[in-house]
Amino acid sequence: MNDLETLQYPIGKFQRPQFISDTQLQTSIKQIANFPSEVEQLISSCSPFDLTKTYRPGGWSINQLVHHCADSHMNTFIRFKLALTEDCPTIKPYFENLWAELPDTHKVDPSISLQIIKGVHYRWEVLLNSLTLNDFAKEYIHPELGERFTLAAVLSMYEWHCKHHLAHIKLAINS
């Protein structure tokens, strides 16, 4: 990887596993549970100036990253609920890069989105811990990608997503 790509994907690009074991599901659930406190620990000592720092040229600021995680994880939690209550629904994609430029992302303190992350992740963890292996096999369709995703695969992706953006925040803090 080149330097810019290393900054963009500090933990590497997501690789969808072919098989997801029960142990892997539990590891992913733990990451979902721990993510809010990990974000809080990282940003707790950030000054307003620090929150404007980016992890790479053209990348999102710490502030935008925290708001993005709230937006993304709210959407994913809803997608889980749709897949659990409907037969392979087609989800609604959104333009995350455009959402990251909206005024609420620039003008609102990230502590507000941290509260959202805490609430969504708590509910998500409770939901995840109640699911059976059959539930994790349920799917939704992502229309932009034209693919079906099992909830197990999505959970694995969001374990990665949490770690990915935690690494971005660390890079930005240390820039």
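Glutamate 5 is partly exposed, at a relative accessible area of 23%. The model described here is a predicted one. In this model, the side chain of glutamate 5 forms a salt bridge with that of lysine 13, with N and O 3.3 Å apart. Lysine 13 has a relative accessibility of 44% and therefore counts as partly exposed as well.

Seven salt bridges are found in a search of the whole structure. Side chains of opposite charge can pair when their charged atoms come close. Another of these bridges joins glutamate 40 and lysine 118, at 2.9 Å from N to O. Glutamate 40 belongs to helix α2 and lysine 118 to helix α6, so this pair ties together parts 78 residues apart in sequence. Glutamate 40 is partly exposed, at 33% relative accessibility. Lysine 118 is also partly exposed, at 36%. A further bridge connects lysine 138 with aspartate 135, at 3.8 Å from N to O. Here lysine 138 is partly exposed, with a relative accessible area of 32%. Aspartate 135 has 17% relative accessibility and counts as buried, because the limit for buried is under 20%.

Helices α2 and α6 each supply at least two residues of the largest nonpolar core, as do α3 and α8. This core has 43 residues. Its largest share, 10 residues, comes from α8. The residues with the most contacts inside the core are Ile43, Ile62, Phe80, Leu128, Phe136 and Leu155. Leucine 155 touches three of the others by name, Phe80, Leu128 and Phe136. Beyond residues up to four places away in sequence, leucine 155 also touches Leu25, Ser28, Ile29 and Ile32.

Aromatic rings form five pairs in the structure. The ring centres of phenylalanine 14 and tryptophan 160 lie 6.0 Å apart, and their planes stand at 55 degrees, so this pair is tilted. The pair links distant parts of the chain, 146 residues apart. Phenylalanine 14 sits in the loop between α1 and α2, whereas tryptophan 160 sits in helix α8, residues 151-173. Phenylalanine 14 is partly exposed, at 22%. Tryptophan 160 counts as buried, at 17% relative accessibility. Tyrosine 140 and phenylalanine 149 make another tilted pair, with centres 6.2 Å apart and planes at 40 degrees. Both partners are shielded by the burial criterion: tyrosine 140 counts as buried at 3% relative accessibility, and phenylalanine 149 is buried at 5%. Ring pairs also link Phe80, Trp124 and Tyr158 into a cluster.

Histidine 67 lies in helix α3, which spans residues 62-85. Its relative accessibility is 3%, so histidine 67 counts as buried. Its contacts, leaving out residues up to four places away in sequence, are Asp104, Thr105, Val108, Asp109, Pro110 and Ser113.

Alanine 33 is found in helix α2. Alanine 33 is partly exposed, at a relative accessible area of 27%. The C-alpha atoms of alanine 33 and glutamate 125 are separated by 5.9 Å, although these residues are 92 apart along the chain.

On the surface, Phe95, Leu98, Trp99 and Leu102 make a nonpolar patch of about 400 Å². Within this group, tryptophan 99 lies in helix α4, residues 96-99. Tryptophan 99 is partly exposed, with a relative accessible area of 32%.

Note on methods:
Residues are numbered from 1 along each chain as its sequence is written. This is a predicted model: local features need pLDDT of at least 70, side-chain atom pairs count only at pLDDT 80 or more; totals for chains, interfaces and linings use all residues. Side-chain values use heavy atoms; hydrogens and water are left out. Helices (H or I, at least four residues) and strands (E, at least two) are DSSP runs, numbered from the N terminus. Buried means under 20% relative accessible area, exposed over 50%, partly exposed in between (1.4 Å probe, protein chains only). Contact means heavy atoms within 4.5 Å. Patches are made of residues with over 30% relative accessible area and no salt bridge: like charges are joined within 9 Å, nonpolar side chains (Val, Leu, Ile, Met, Phe, Trp, Tyr) within 5 Å. Accessible areas come from the Shrake-Rupley method with a 1.4 Å probe; for residues, only the protein chains shown count as cover. A salt bridge is a side-chain nitrogen of Lys or Arg within 4 Å of a carboxyl oxygen of Asp or Glu. Rings of Phe, Tyr and Trp (its six-membered ring) pair if their centres lie within 6.5 Å; planes under 30 degrees apart count as stacked, over 60 as edge-to-face and the rest as tilted. A nonpolar core is a set of buried Ala, Val, Leu, Ile, Met, Phe, Trp, Tyr and Cys residues joined through side-chain atoms within 4.5 Å.
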